[in-house]
Amino acid sequence: MSAREAWELASFIVTTLGLPFAILFFAWEQRKERANEEEDQYQLLSDAYNDFLKVVLQHPDLQLRTNEPLADPTPEQRERMLVIFDMLMSLFERAFLVAYKPGMAEDERRRWNSWDDYMREWCRREDFRNALPLLLRGEDPEFQSYLRRIAEEERGALHLPETLTPATGVKHG
C-alpha cells in the first residue's frame with residue numbers, strides 16, 4: 001500500500017467514523033447546553049420570586065402570606081398591595097413566557113409545576129383574584145387565559161365541601 005493509498009484509507013475511516021461521531025457529539029453538547037440554559041432561566045426566575053417574597057416580608061401589615069385578605073385596608077395599604085400584586089403579575093407572566101409550553105418534557109413539567117403552584121396559591125386569595133381584571137390588562141393573551149382558568153379553579157376549590165369517601169374515610173374536597 002502506497003503512502004497515498006494509506007492517506008486515502010485514513011481519510012475514508014475518519015470520514016465514515018469520525019464525522020458521524022462528531023455530529024452526534026455536537027448534538028449532545030447542544031442538548032446539554034440547552035438544558036443548562038433552561039436550568040439557568042429557572043434559577044433566575046426562582047431568585048426573582050425569592051426577591052419578591054422579601055418585598056412581601058417588608059410589608060407585614062398587608063398580611064400577604066395569610067389565607068384571608070386584609071380586613072378594611074387603608075387607601076395607602078390598598079395602593080401598596082396593588083403595586084405588590086402588579087410586581088407578582090409581571091413575574092408570573094415572565095415565568096409563563098419562559099417556562100410554559102404545551103407538551104413539556106418531564107424536567108420542564110417539574111419546573112413549571114412550581115410556578116403553577118405559586119399561581120394557584122395566590123389565586124386562592126380573594127383580594128388577588130378581585131384585582132385580576134386590572135392586573136391582567138395588557139398581559140399576554142395566553143397568559144391571561146391561563147391565569148383566569150387557574151383563578152376559577154381555585155375559587156371553585158375553595159367552595160367545595162369536604163366529604164369523606166365511604167370506602168376509605170379519606171377527606172376529599
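I take helices as DSSP runs of H or I, at least four residues long, numbered from the N terminus. The model I am reading is a predicted one.

**Entry 1. Glutamate 154**

I looked up glutamate 154 and found it in helix 5, which spans residues 141–159. Is glutamate 154 buried or exposed? Its relative accessibility is 7%, so I enter glutamate 154 as buried, the limit for that label being under 20%. I then listed its contacts, leaving out residues up to four places away in sequence: glutamate 154 touches Arg120, Cys123 and Arg124.

**Entry 2. The salt-bridge network**

Which residues are linked with Glu154 in a network of salt bridges? I noted Asp116, Arg120, Arg124, Arg149 and Glu153 alongside Glu154. Within this network I checked the pair of arginine 120 and aspartate 116, whose closest N and O atoms are 2.7 Å apart. Both residues belong to helix 3 (residues 106–123) and sit four residues apart, about one turn of the helix. Arginine 120 counts as buried because its relative accessibility is 16%. Aspartate 116 is buried too, at 10%.

**Entry 3. Other salt bridges**

I counted salt bridges over the structure and got 14. Side chains of opposite charge can pair when their charged atoms come close.

In helix 2 (residues 75–99) I found arginine 80 and glutamate 76 four residues apart, about one turn of the helix. Their side chains form a salt bridge with an N to O distance of 2.5 Å. I compared the cover of the two partners: arginine 80 is buried, with a relative accessible area of 18%, whereas glutamate 76 is partly exposed at 45%.

Back in helix 5, I looked at glutamate 152 and arginine 155, three residues apart, about one turn of the helix. Their side chains meet in a salt bridge at 3.3 Å, N to O. Glutamate 152 has a relative accessible area of 49% and is therefore partly exposed. Arginine 155 is also partly exposed, at 29% relative accessibility.

**Entry 4. A nonpolar patch**

I turned to the surface and looked for nonpolar side chains. Which residues make the nonpolar surface patch of about 570 Å²? I recorded Met1, Leu9, Phe12, Ile13 and Leu17. I followed up leucine 17, which lies in helix 1 (residues 3–57). Leucine 17 has 60% relative accessibility, so I enter leucine 17 as exposed, the label for values over 50%.

How values were computed: Residues numbered from 1 in each chain as written. Predicted model: local features only at pLDDT ≥ 70, side-chain atom pairs only at ≥ 80, totals over all residues. Heavy atoms only, no water. Patch = residues over 30% accessible without salt bridge, like charges linked within 9 Å, V, L, I, M, F, W, Y side chains within 5 Å. Areas by Shrake-Rupley, 256 points an atom, 1.4 Å probe, with all protein chains shown as cover. Salt bridge = Lys/Arg side-chain N within 4 Å of Asp/Glu carboxyl O. Helix = DSSP H or I, 4+ residues; strand = E, 2+ residues; numbered from the N terminus. Buried < 20%, exposed > 50% of the residue type's maximum accessible area, 1.4 Å probe, protein only. Contact = heavy atoms within 4.5 Å.
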